[in-house]
Amino acid sequence: MATPKPGPVQIASRNPIPLSTSQESQVRELYYKRVRGYCANEIRDFASCAINRTISATWACRPQRLAMNNCMVAHASQQEQDAAREEWFATIDERRKEREAKEARRKEQEKFHRKWWGMPPLPGDEEAPGATEEKR
């Protein structure tokens, strides 16, 4: 008799939407930024100790390095990754608006550049009402 094989175990995820590689990279940057924010004092202590040191920083700044690493390990958790992912999803609209504003600025600059140098406008660009009068 054959016994049915159990299917894969489903783990409930708080963020079920799969992201692209670049989006995951953005989430990871947010995660690192959050962890560095929690451990800013320890990082600053280690950095101030390591200034003007090369190899000697290994043993001279060991207490600061261990404090910094312990802090970062303590705050580097799955909950923090989930919080960074939720923050990324919460700011989607802000990033979209920033991209749209940047694209609009770029188009305006290109339009100005073309007008300045007397180049023909791109197809789909409307000319300003006074521009046709200037050519006459």
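**A first look at an all-helix chain**

Let's start at C61, which sits in the loop between α3 (57–60) and α4 (62–75). The model you are viewing is a predicted one. In it, the chain has 7 helices and 0 strands, and this briefing visits one residue on the inside, C61, which counts as buried, and one on the outside, F112, which is exposed.

**The chain as a whole**
- Read from the N terminus on, the elements follow the order α-α-α-α-α-α-α.
- The chain has 136 residues, and 14% of them count as buried.
- About 11,400 Å² of the chain is exposed, and carbon and sulfur atoms supply 56% of that area.
- Among contacts with a separation of 6 or more, 64% join residues 24 or more positions apart.

**Around C61**
- C61 counts as buried because its relative accessibility is 0%, and the cut-off for buried is under 20%.
- Setting aside neighbours within four places in sequence, C61 is in contact with F46, C49, A50, R53 and S56.
- A47 lies 14 residues from C61 in sequence, and their C-alpha atoms are 9.0 Å apart in space.

**Around F112**
- You will find F112 in helix α6, which covers residues 92–116.
- F112 has a relative accessible area of 54%, so this residue counts as exposed, a label for values over 50%.
- Together with W116, W117 and M119, F112 forms a nonpolar patch on the surface.
- The four residues of this patch, F112, W116, W117 and M119, have about 550 Å² of accessible area together.

Key:
Residues numbered from 1 in each chain as written. Predicted model: local features only at pLDDT ≥ 70, side-chain atom pairs only at ≥ 80, totals over all residues. Heavy atoms only, no water. Patch = residues over 30% accessible without salt bridge, like charges linked within 9 Å, V, L, I, M, F, W, Y side chains within 5 Å. Areas by Shrake-Rupley, 256 points an atom, 1.4 Å probe, with all protein chains shown as cover. Salt bridge = Lys/Arg side-chain N within 4 Å of Asp/Glu carboxyl O. Helix = DSSP H or I, 4+ residues; strand = E, 2+ residues; numbered from the N terminus. Buried < 20%, exposed > 50% of the residue type's maximum accessible area, 1.4 Å probe, protein only. Contact = heavy atoms within 4.5 Å.
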